[in-house]
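Me: I'd like to go through this one by asking what earns each label. Can you take me from the values to the terms?

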Amino acid sequence: MNTPLRLTLGLLVLTVVAATGCMNSSSPSDSPRNVETPPVVVEAKKKLLAKNIFFETQGGKRRVIVSATVAWREGQFCEFFLCRKDSKEYESVLVADIEPLQVHEALLAAGAKAGSPVQYDPTFLPPQGDKIKVTLRWETNGRQQTVPAQSWLRDTKTHKEMACDWVFAGSRFVENPLDTKRPRDYLANSEGIVLTLANFEGSVLDVSIASAKLRADQEFEAFGEHIPPLGTAVAVILEPVGK
């Protein structure tokens, strides 16, 4: 083989080898990257349990949602946070056309355990029961707002947002011997109280502290600046979070 042909073949081999090396090499930018998998969002499923009372599940979470409206925005003598329509809306921040017993039953279905209402005699015992996280959701100018219920209330002494929680005290049943069809009454139905701001035996949810019953000594009042206009539709979300 003559020298020119030998040089030509050598150059051809080098070109092929170089091209193969370029094809097999990879830059750092070509190496596979660890892409974070976005969290799976579990869709919430909601169904109607009773008038204005819904049961919602989302993964392992269970919630009770009550459709209510704003009934009170200003004033110190606000003893209740949520009551039944045609009961105590003249001193309750929210009012709903519901039966308190049905809220009680919905909370049981959500996995909450009822405790016991406040006791005054023979000795004082504060309300007991599972803690219930209370969240409020409503719309303002087409935008959805979601806040802890405590932000609509303030301490009458410090003027700061309410710092305590609510517990599922569960009210109690009382004997009614004069009514053969209903020998036992659910006290919260008679009183119309779902969430209170002072200790009441007839409340489904009570504040988690020993709270004064007398108006002059009451701990909490409506935080008017944080509450939307009267008549605003509000979803009251009750989520059991254990003891």
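Reply: Sure, and keep in mind that this is a predicted model. Let's start with V236, which touches V64, I65, V66, A68, L82, L94, V134, T135 and L136, leaving out residues up to four places away in sequence. V236 is also among the residues with the most contacts inside the largest nonpolar core, which has 45 residues.

Me: What makes S203 buried rather than exposed?

Reply: Its relative accessible area is 0%. Buried means under 20%, so S203 qualifies.

Me: How do you know that the side chain of S203 makes a polar contact with L205?

Reply: The side chain of S203 reaches the backbone oxygen of L205 at 2.6 Å. The cut-off is 3.5 Å for a pair of N or O atoms, so this pair is within it.

Me: Why are β14 and β15 called paired?

Reply: Pairing takes at least two bridges, and two bridges join β14 to β15, so they pair. The two strands run parallel. I193 stands opposite S203 in β15, and I193 is also the bridge partner of C83.

Me: What about β4 and β14, parallel or antiparallel?

Reply: Antiparallel, over three bridges.

Me: Why do the buried residues of α2 count as being on the same side?

Reply: The buried ones in α2 (residues 100-109) are P100, V103, H104, A106 and L107. They cover an arc of only 165 degrees around the axis, so they sit on the same side of α2. After α2 comes G111, with a positive phi near 100 degrees.

Terms used. Residues are numbered from 1 along each chain as its sequence is written. This is a predicted model: local features need pLDDT of at least 70, side-chain atom pairs count only at pLDDT 80 or more; totals for chains, interfaces and linings use all residues. Side-chain values use heavy atoms; hydrogens and water are left out. Buried means under 20% relative accessible area, exposed over 50%, partly exposed in between (1.4 Å probe, protein chains only). A polar contact is a pair of N or O atoms within 3.5 Å; within protein, one must be able to donate a hydrogen and the other to accept it, and residues adjacent in sequence count only if both atoms are side-chain atoms. A nonpolar core is a set of buried Ala, Val, Leu, Ile, Met, Phe, Trp, Tyr and Cys residues joined through side-chain atoms within 4.5 Å. Contact means heavy atoms within 4.5 Å. Helices (H or I, at least four residues) and strands (E, at least two) are DSSP runs, numbered from the N terminus. The arc is that of the directions from the helix axis to the C-beta atoms.
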